[in-house]
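Trainee: I am new to this structure and would like a close look at a single part of it. Could you pick one spot, walk me through its surroundings, and then show me what lies beyond?

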Amino acid sequence: MSQIESQNPEPVFQLKGSMLAITVMELARSNLEALDRQLAAKVAQAPNFFSNTPLILALDKLAPNEGPVDLPGLVRICRQHGLRTLAIRANRIEDIAAAIAVDLPVLPPSGARERVIDPIEAEAPKKLPEKPPEPLIKPTRVITSPVRGGQQIYAQGGDLVVVAPVSPGAELLADGNIHVYGPMRGRALAGIKGDTKARIFCQQLSAELISIAGQYKVSEDLRRDPLWGSPVQVSLSGDVLNIIRL
């Protein structure tokens, strides 16, 4: 050891407490042949569960008249099936002596209520919660040619943009907003599936009818508005259509 190390010794380990989940095998009888067969059946059902699994052997539930347990044989059977014995839990003198003889730690009997483990359930992968489907959002529908009388154009699931004049008798429908970059002389119905936040935008309000989420105004009402023939934005507040200048 160097002089520096002797003057400034640094710890090379720490002792820490930990709450580990360890499987406990509670023995009801000391029949090792039956135990071997039953463990083999369990391993066949869930082989991954029995792969180097740490184990506490609980012998404290054995009846006083059960007779001595072949502890080395018991540990060997467990090891053959993938269970690694860390310690035993016992209260009978002969079981404690057998554990000391094979250098196994002895734990006191537990008064805690322990949960029965089903290896098949423990091995089964947990299902992740299914992700809810994302709402279907369709791209904006863009119309670049004039919309003539008698034509009906519908933008399903999105907005409708028209960069051309809309003639009288034409009808524009959209689940979202409607934009008309030109004279709007036909009918414009936005938010037709009930979207009250939908809006109508047009460069020249000369419409036969405008509607948002079922609330509408016809040309007779619109002609009285001071913004008739102007660039406007139409929105819905409650059951009232508001028309403001763009």
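Mentor: Let's start with H81, which is buried because its relative accessible area is 14%, below the cut-off of 20%. Keep in mind as we go that this is a predicted model. H81 sits in the loop between α3 and β3. Setting aside residues up to four places away in sequence, H81 touches D36, L39, A40, V43 and F50. One of these, D36, deserves a second look: the side chains of H81 and D36 are joined by a polar contact of 2.6 Å.

Now turn to D36 itself. This residue belongs to helix α2, residues 32-45. D36 has a relative accessible area of 29%, so it counts as partly exposed. Apart from its neighbours within four places in sequence, D36 is in contact with I77 and H81. You can also trace a link through C78: D36 and C78 are 42 residues apart in sequence, yet their C-alpha atoms are 8.1 Å apart in space.

Next, follow the helix that carries D36. At the start of α2, a side-chain oxygen of N31 comes to within 3.3 Å of the backbone nitrogen of E33. The helix has 14 residues, and at 1.5 Å a residue it should span 20 Å; the C-alpha atoms at its ends are 20 Å apart, so the two values agree. Which residues of α2 are buried? They are L32, A34, L35 and L39. Looking down the axis of α2, you would find these buried residues within an arc of 145°, so they line one face of the helix. It helps to recall a general point here: an α-helix has 3.6 residues a turn, so residues three or four places apart point the same way. On the face of α2 turned away from the buried side are the exposed residues E33, R37 and A44. The cover over the buried residues of α2 includes β1 (23-26), α3 (71-80) and β3 (83-89).

That brings us to α3. A side-chain oxygen of D70 reaches to within 3.2 Å of the backbone nitrogen of G73 at the start of this helix. Its buried residues are L71, G73, L74, V75, I77 and C78, and I77 is one of the contacts of D36. What covers the buried residues of α3 includes α2 along with β1, β2 (53-58), β3 and α4 (93-101). After α3 comes G82, which has a positive phi, near 90°.

Let's step back to the cores. In general, nonpolar side chains in soluble globular proteins tend to be buried together. The largest nonpolar core here has 30 residues, and L160, L172, I178 and I210 have the most contacts inside it. A second, separate core has 23 residues, and L32 of the helix we just followed is among them, as are L59, V69 and A90.

Two members of the largest core, L172 and I178, lead us to strands. L172 lies in β8, where I153 of β6 stands opposite it. Strands β6 (residues 152-155) and β8 (residues 171-174) run parallel and are joined by four bridges. Along β6 the side chains alternate: I153 and A155 point to one face and are buried, whereas Q152 and Y154 point to the other and are not. I178 takes us to β9 (residues 178-184), a mostly covered strand with six of its seven residues buried. β9 runs parallel to β7 (residues 160-162), with three bridges between them, and V161 stands opposite H179. β9 also runs parallel to β11 (residues 200-205), this time with five bridges; M184 has L205 in β11 as its bridge partner.

L205 is also a contact of I210, another of the core residues just named. Leaving out residues up to four places away in sequence, the residues touched by I210 also include A188, I200, Y216 and L222.

One last stop is in the loop between β12 (209-212) and β13 (215-218), where you will find A213. Its phi is near 50°, a positive value in a residue other than glycine. Is A213 buried, exposed or partly exposed? At 24% relative accessibility, A213 counts as partly exposed.

Technical notes: Residues are numbered from 1 along each chain as its sequence is written. This is a predicted model: local features need pLDDT of at least 70, side-chain atom pairs count only at pLDDT 80 or more; totals for chains, interfaces and linings use all residues. Side-chain values use heavy atoms; hydrogens and water are left out. Buried means under 20% relative accessible area, exposed over 50%, partly exposed in between (1.4 Å probe, protein chains only). Two strands pair if DSSP finds at least two bridges between them. Contact means heavy atoms within 4.5 Å. The expected span of a helix is 1.5 Å times one less than its number of residues. The arc is that of the directions from the helix axis to the C-beta atoms. A polar contact is a pair of N or O atoms within 3.5 Å; within protein, one must be able to donate a hydrogen and the other to accept it, and residues adjacent in sequence count only if both atoms are side-chain atoms. A nonpolar core is a set of buried Ala, Val, Leu, Ile, Met, Phe, Trp, Tyr and Cys residues joined through side-chain atoms within 4.5 Å.
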